[in-house]
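Notebook open, viewer open. I want to walk through this fold element by element and jot down what I look up.

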Amino acid sequence: MSKSRSLFSAASKIMQTGTRTNIVHNRCLSTLLRVQPQFSCMTVHSRTYATKGDADIVKFLAEEIATEKQNQRALPKLEGWEVKAEGAEVTLTRMVAGDKVIVSLNVNHTVDSAEPDDGTGEAPEMLSRPNFEVDIVKSNGKTLSFTCNYVHPEEMQQDGEDDLFAIEEVTMYEGENISDKNYAVAGDILDGYLYDLFMSMLEERGVDNKFADDLSTWCSAHEHSQYINLLQEIEKFAKM
């Protein structure tokens with residue numbers, strides 16, 4: 001074989017080797033490119049909270065909400081009344097002999113023990129007993145307004161009271177013109193006979209002991225549902 005042909009043959013082998021090497025490198029590169037998206041799609045999911053305290057709150061609320069829901073009661077019906085609830089505020093309306101009777105209340109801070117402490121150490125049932133306003137509105141806009149409050153069970157035992165609620169205050173106003181300028185008289189300084197007549201006036205319009213008892217049951221269920229809703233919103237907040 002001539003010297004020039006030998007050189008040509010050697011050069012050809014070198015070029016073929018380089019070509020195969022480039023092919024191998026290209027295949028490795030293409031393989032990496034195909035594999036890389038698989039790594040980029042891998043996502044590690046983890047729950048993080050703003051603080052450790054937030055995480056503790058979420059953990060506690062998960063159990064607390066489940067327990068409260070187990071004890072939740074359906075809202076009973078208040079027969080003869082149109083009920084409107086906006087959060088903690090509640091309004092009941094009915095018509096009686098041409099008069100519009102409006103009962104308004106707020107269930108915030110209204111939960112107390114249903115019975116006096118009997119010394120057994122057992123937790124008594126908790127009920128909502130909100131103060132409530134009863135407005136008797138005439139067709140001309142004149143309003144006779146009563147502020148009422150529930151009599152505490154211990155007071156009922158001590159005083160031998162039969163009424164579940166008492167008149168705390170009486171006032172009058174016209175239209176929407178109610179303010180501190182309107183004179184109001186406290187229920188406990190009213191003439192006893194006039195006080196009884198006012199209680200009869202309320203009874204004739206559906207505000208009596210049965211109503212007060214049913215209202216307390218309704219408010220207890222509504223207040224509890226508002227409490228559960230608050231816990232759920234706090235849980236969502238702590239997870240943000």
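Which residue is the bridge partner of Thr171 in S9? I looked it up, and the partner is Ala184.

Ground rules before going on. This is a predicted model, where local features need pLDDT of at least 70 and side-chain atom pairs count only at pLDDT 80 or more, while totals for chains, interfaces and linings use all residues. Residues are numbered from 1 along each chain as its sequence is written, and side-chain values use heavy atoms, with hydrogens and water left out.

**Overview**

I count elements as DSSP runs numbered from the N terminus: helices are H or I of at least four residues, strands are E of at least two. On that basis the protein chain has five helices and nine strands. Read from the N terminus, the order is α-α-β-β-β-β-β-β-β-α-β-β-α-α. I also looked up burial (buried is under 20% relative accessible area, exposed over 50%, partly exposed in between, with a 1.4 Å probe and protein chains only). Of the 240 residues in the protein chain, 29% are buried. For contacts I take heavy atoms within 4.5 Å. Among contacts between residues at least 6 apart in sequence, 57% join residues at least 24 apart.

**The sheet**

Strands pair here if DSSP finds at least two bridges between them. Seven strands make an open sheet, ordered S1-S2-S3-S6-S7-S8-S9, with antiparallel pairing. At the edges I find S1 (82–86) and S9 (184–186), each pairing on one side only. Neighbouring strands are turned by 20° against each other on average, direction ignored. For angles, axes are lines fitted to C-alpha atoms (for helices over the stretch in contact), and values run from 0 to 180 degrees between N-to-C directions.

I started at the S1 edge. None of the five residues of S1 is buried, so the strand lies largely in the open. Five bridges tie S1 to S2 in the antiparallel sense, and Lys84 has Thr91 in S2 as its bridge partner. The two strands form a hairpin with two residues between them, and Gly87 in the turn has a positive phi of about 65°.

Next I moved to S6, which is mostly covered, with five of its six residues buried. S6 pairs with S3 over six antiparallel bridges, Val101 being matched with Ile136 in S6. Six bridges also join S6 to S7, again antiparallel. Their hairpin has four residues between the strands, and Gly141 there takes a positive phi near 95°.

At the other edge, S8 (residues 165–174) and S9 are joined by three bridges and run antiparallel.

**Two residues up close**

Thr147 is in S7. Is Thr147 buried or exposed? Its relative accessibility is 13%, so Thr147 counts as buried. Glu133 has Thr147 as its bridge partner in S7. The side chains of Thr147 and Glu133 also share a polar contact of 3.0 Å. By polar contact I mean a pair of N or O atoms within 3.5 Å; within protein, one must be able to donate a hydrogen and the other to accept it, and residues adjacent in sequence count only if both atoms are side-chain atoms. Beyond four places in sequence, Thr147 is in contact with residues including Phe132, Ala166 and Glu168.

Ile102 sits in S3 (residues 99–106). Beyond four places in sequence, Ile102 touches Thr91, Leu92, Thr93, Glu133, Val134, Asp135 and Val137. I also checked Trp81: 21 residues from Ile102 in sequence, and 9.4 Å away C-alpha to C-alpha.

**Helices**

H4 (residues 192–204) lies across S2, S6, S7 and S8, at about 80° to S8. H5 (residues 209–239) lies across S1, S2, S3, S6, S7 and S8, at about 150° to S2.

How do H2 and H5 cross, and at what angle? The axes of H2 (residues 52–70) and H5 come within 9 Å and cross at roughly 155°. The two helices are therefore roughly antiparallel (under 35 degrees counts as roughly parallel, over 145 as roughly antiparallel, 65 to 115 as roughly perpendicular and the rest as oblique). The crossing is left-handed, meaning that the near helix is turned anticlockwise from the far one by less than a right angle; clockwise would be right-handed. Residues making the contact include Ile57, Leu61 and Ile65 of H2, and Tyr227, Ile228 and Leu231 of H5.
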